[in-house]
Structures are given as structure tokens and as C-alpha cells.
Amino acid sequence: MVEERASNPAGPDRLRSQRLREVNFQGDALRLGMNWTEEDLRKPQVLVESAYGMGHPGTFHFRGLIEEVSNGVYEAGGKPADFVVSDICDGVVQATEGMSYSLVSRDVMAAMIEIHALGHPHDAMVLISGNDKSVPAHLLAMARCDLPAIHVPGGVQVNAANYITSNEIWAMGAALRRGELPADELELAQRGACPTCGACQFMGSAATGQALSEALGLALPGSALVPEPLTKLLRYARAAGKQVLRLLADEITPRRILTREAFENAIVIHAAIGGSTNALLHLPLIAQEAGVEITIDDFDRIHREVPVLANVKTTGRYPVDYFWYAGGVPALMFELRDLLHLDCLTVTGKTLGENLEEIEHSPFFMRERLGHLTNFKVRKDEIIRPRSDPFGPDGGVAVLRGNLAPDGAMVKSFSVPKEMHVHTGPARVFEDEPDAIDALVERKIRPGDVMVIRYEGPRANGMPEMYFAAAILAADPDLNHTTAIVTDGRYSGAMKGPCVGHVAPEALDGGPIALVEENDLIELSVPERRLAIVGVDGRPRPPEEVSDILDQRRAAWSPRSARHTRGILSLYSRVATSASDGGALVPPGARAATQSPARHG
């Protein structure tokens, strides 16, 4: 029965591609001009969209995955069509003007995939990506287009010699500039940090996105974070090509999978892996495309309930390929089963609970992974910790509010030293990141200071990552447990330390962060979820007096002129939504009415 369905996955009258052939006779001729056969024209047409490109190691290996997805589509009776929209690498453009293009590239990629999927007569699609903006772009496009679809995570690099990772090189570069590190030590790290293709070896935005795709039910079980050299990655790609034809036959589309409960499952996994703060920009936006209301407050609520179990870099010890060897997302789900909605539909056509039962009774799933850990002489429970012995007592992210961030700000709380969970210090104000970096490199920042980096939000500057500044701070033994950064920009998934980002409203919109002056007292309180101005001129003031002072400053404040006056960043500066709403170029087309939180457990 399965083979019969695979060879004829959907009747011609149900196929979008075949209906369009009845009104556009030129289309057949054009496809035949690309060496399609007459038989190909009658098959279900499957978009095989990837982020393949030469921008970074996370996509350079995708040709093999494209081929295997296409093979799977052919085997199941479909006709694949290979399209490409590549992404930029946050690591390559970090601390340059290129970083301003990073966040908006997510929306541009999603729009191009929408054009490829719906502008051409495709019936289904398989999307291949693995990195910071390409994964959320693909998930956005899946929700928006709502064609039967599967996401293939692009895999991760294997660990490098001495466990070095590329994000550590920022602090080494700063040390070199200060004359504290020999040049050959930096070059040695650069030569070895990326030994294979794939996403970076730490739980940054790329690895987090892959894990969340699987947690949402949009990727095949166990397919997130596969070490790139393993042929297992190719097998998942071929399986996805075959399975998407079954989804087409059963009329299973992303919006049937992307329920509120599915997003809550993803946030549970996000908390347990200590995932990237960038997920707070992406998941709510993807949810809105699916007609589901998810906000940053859902992250804060769920993160309070879920411990961090993944002992992985950057805050933890092990690279993320070890996480996959330890069982990956499914193994993590076994530890959290009582917190998950197990009746959520997935791209297997089965529920999450059914998928986990199959894995639990498989004679091979865990054994073929754990054997690698035997080689490394590392125990599984060192990497994915049991609930009884978590890596962190609660989830990785806290959402802060107060007179400095009325619409919210976020901090990766479990990576913040305990002594900085409550901190008050004098503001050191910087109008952009380069000036802040110079102050850090030249050691002009004193222990206890609160660095305020503003005019880096979505509309002001594309919301670049402030990773370079955060990395220098984290590597400084005098500052990393005494000094904070507060910004309306964002942070890399590799970020750790007392760094608060996503402050909203942003400075360009007249948010209170635009009104901060040198030596104002800034209070950070993770337990109370508070970020506020509590004093002026280095002295505490009553709340009502602070409020009056801010009103006076606002009356004298005027908006800065646009930083970007041409191209896509000019458009983004005019229309981008707030960071608390995803920093979107294209507002979601299907907002749901506010729903009450789904029941956990």
C-alpha cells in the first residue's frame, strides 16, 4: 500500500501543478527545454530549495544533500526542481557593516522562497538549511506558503583540535591587538577551528535553529545537528525527499503541524539546550505566519519551568556533534516528556509521542550514536544531563522589563555569573558598537559599569549582533563578572556573560534607551525580570523623580537622521517592526486572535 501511494502520491485533479498546466501551455514547452520528459510534466512537482552557497562552511556541502533529496523525490514518483537562495554568514560579517544585512536577509530569503514556491507550479517543497538566518527564513516560508513541506537541517562541524571553536577567536584577536597573545597562536586557532563543513560546533543560532525545526515537527526525528561528514546526513536528505510525497498524498501541510502546542514544545527544547537568544526574534514571527500567537513572554514563562540539560558549548563543555551522539533532540525529549505536548502532528505523519515510542523501541537509533561517545570515552549523561542533575536550574533566557525597556529586553540568564543577576552600575553610553569595542580594547571600562550601546536596533542599523563587544567583555577576568552591556541590538547565539539585548522600543523610535545619559544608574535584576534607570549623576533617585527627568529629556530629544538612505537597509529602516515583534521586514499575513496558553504536560 505504501509503495502504491508513493508511485502515485496524489491524483492529477488535486495537484496544483497539473491544474496550472491546463491554462498555461507555454510552461510545458519551457520545461521540456530543460530536458524534462513528457512523463516528468505529469508528476507532482517538488521544489528543492537550499541555501547552498560559498559564503561559509554551513552551506558549502549542500550539493550532495540537494542530490539526495532529489533522488528521494524521484523514487517516490515526483519531479524535483532545484532552486537556491544563499545566506550570509554572521561570523564572516561580524563587527563590519555587513552585519547590518544579517537580520533583514532572513525576510528577503523567505520572500524569495515564497516566490519560487508559489510563483512556479509546485505541489510540495523540501528546504535545506542549517544556519543563523537561513533556518528561520525557511521555516517562515514553510508557514507562509503552506505547501506540504519538510525541512532538512544541514548538519554541524565536527569538533576541532583542542576543542577550539571559531567564536573564541574574537577574544584572541583582541588579545593580539593588546600585545597579550603571539600572532602564531591566533593563526593556529584560525587554521583549525573549522575542520569540516557544517554549522559551528557550539549551541549558537545555527545549531539552535536546527534543533527547533525538529522540535516543531518540521524535520525528521533525529535529523537535527548530524555531524556533517556522516553519510547519515545524506540518508536523512533522501528520506525527506521521499516523505514529502506522502505528506502531499495525505494533505499534511505546515499549518496543520504548527499549532500553539508545537511552538510550546519548541520553547521547551530551546530552554533545555540553553538556545540562542535570536530565537526570540524568529519563533514568534514564524508562529504569526502560521496564525498562532506566541510572544517573548511565552519564552519567559516556559523557561522558568524547564532546566538546562545540554552541557554544550559555549557555556557548557562539549561541542554540539557530541550532543547528536548522545541522542540529540529525541534523547532530550525523553528527559522532558512530561512537559511536552505529545499529540502534536509531525512531518512523519505521526504524532511526536508516536515518533518517540518508535525511537525508544528501535534496536539501532541510540546504539549507532552512543558508539561514538564510547570512542571519546564520554558518558551520555555528561552531555545531556538528567532532570535530577541539570546543567542549569531553569531555562536559559529571561525577559526583562522596566522604564528602560517597556516592551521588553532579553538576557541569556544561565550564562550570566550569579553575582551579576542583580546589579546596579553607572551608565557608559555609546552611540554605536565600534566606539564600545575601542573602549573595551583600550581598557577604558571599569568594573561595575553598565555599557549602553544604542541606535543598533532594526530600524536604526538592521539590528546587528554585538558579539565582538560581548566576547571581549566575557574574556576579561576583571569585567566578565562585574560589568554589563545593554543594547537595542542583538547578540550571537555564542554570546555569554552579563549582556542584555533586544531593548524595545529601540533608540531610533524614541525608546527610553535613547534618553540614557552618562553616569545614570542602571539596574539589572534577573530574579525580578527588571531593567530600569534608577538614578542620575551616579546617585539613586525615587522612581517618580526618574520619570520626571526622563520626560524632560524626551521633550528635548529629536530623532536621528537615517543611517541608511539606499538599498534594502533603507527600506528596512522605514518599515521594520520592533525587536519584540521579530524585527520583520514583511509583517505576518495571518495573525491569530490571542489564545490562552496551552496546558503543559
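This report describes a sheet, the helices that lie across it, several salt bridges and a nonpolar surface patch in a predicted model.

**The sheet and its helices**

Four strands form an open sheet, and their order across it is β2-β1-β3-β4, with parallel pairing. The strands at the edges are β2 and β4 (149–153), each of which pairs on one side only. On average, and with direction ignored, neighbouring strands of this sheet are turned by 20 degrees against each other. Strand β1, which covers residues 45–50, runs parallel to β3 and is joined to β3 by five bridges; Glu 49 stands opposite Leu 127 in β3.

Two helices can be described by the strands that they lie across. Helix α7 lies across β1, β2 and β3, and runs at about 165 degrees to β1, whereas helix α12 (residues 231–250) lies across β1, β3 and β4, and runs at about 175 degrees to β4.

One residue of the edge strand β2 can be followed more closely. Ala 81 is found in strand β2, which spans residues 79–84, and because its relative accessibility is 12%, below the 20% limit for this class, Ala 81 counts as buried. Leaving aside neighbours within four places in sequence, Ala 81 is in contact with Val 46, Leu 47, Val 48 and His 122. The C-alpha atoms of Ala 81 and Gln 45 are separated by 7.2 Å, although these two residues are 36 residues apart along the chain.

**Salt bridges**

Side chains of opposite charge can pair when their charged atoms come close. The structure holds 43 salt bridges, and the table lists some of them.

| Pair | N to O distance | Separation in sequence |
|---|---|---|
| Lys 133 and Asp 90 | 2.8 Å | 43 residues |
| Arg 144 and Glu 114 | 3.1 Å | 30 residues |
| Glu 431 and Arg 560 | 3.7 Å | 129 residues |

The salt bridge between the side chains of Lys 133 and Asp 90 links distant parts of the chain, since Lys 133 lies in the loop between β3 (124–129) and α8 (134–145), while Asp 90 lies in helix α6 (residues 90–93). Both Lys 133 and Asp 90 are buried.

In the salt bridge between Arg 144 and Glu 114, Arg 144 belongs to helix α8 and Glu 114 to helix α7, so this pair ties together parts that are 30 residues apart in sequence. Arg 144 is buried, with a relative accessible area of 13%, whereas Glu 114 is partly exposed, at 28%.

For the salt bridge between Glu 431 and Arg 560, Glu 431 lies in the loop between β7 (422–430) and α22 (433–441), and Arg 560 lies in the loop between α25 (543–556) and α26, so the pair ties together parts that are 129 residues apart in sequence. Glu 431 is partly exposed, with a relative accessible area of 31%, and Arg 560 is also partly exposed, with a value of 36%.

Salt bridges can also be linked into a network, as happens for Glu 68, Glu 75, Arg 238 and Lys 242.

**A nonpolar surface patch**

Which residues make the nonpolar surface patch of about 590 Å²? The patch is made by Ile 88, Tyr 101, Val 108, Met 112, Ile 115, Ile 568, Leu 571 and Val 575. The elements that give two or more residues to this patch are α7 (102–119) and α26 (567–575). Ile 568 lies in helix α26, and Ile 568 counts as partly exposed because its relative accessibility is 31%, a value in between the limits of 20% and 50%.

Terms used
Residues numbered from 1 in each chain as written. Predicted model: local features only at pLDDT ≥ 70, side-chain atom pairs only at ≥ 80, totals over all residues. Heavy atoms only, no water. Patch = residues over 30% accessible without salt bridge, like charges linked within 9 Å, V, L, I, M, F, W, Y side chains within 5 Å. Areas by Shrake-Rupley, 256 points an atom, 1.4 Å probe, with all protein chains shown as cover. Salt bridge = Lys/Arg side-chain N within 4 Å of Asp/Glu carboxyl O. Buried < 20%, exposed > 50% of the residue type's maximum accessible area, 1.4 Å probe, protein only. Contact = heavy atoms within 4.5 Å. Pairing = 2+ DSSP bridges. Axes fitted to C-alpha atoms, helices over the stretch in contact; angles between N-to-C directions.
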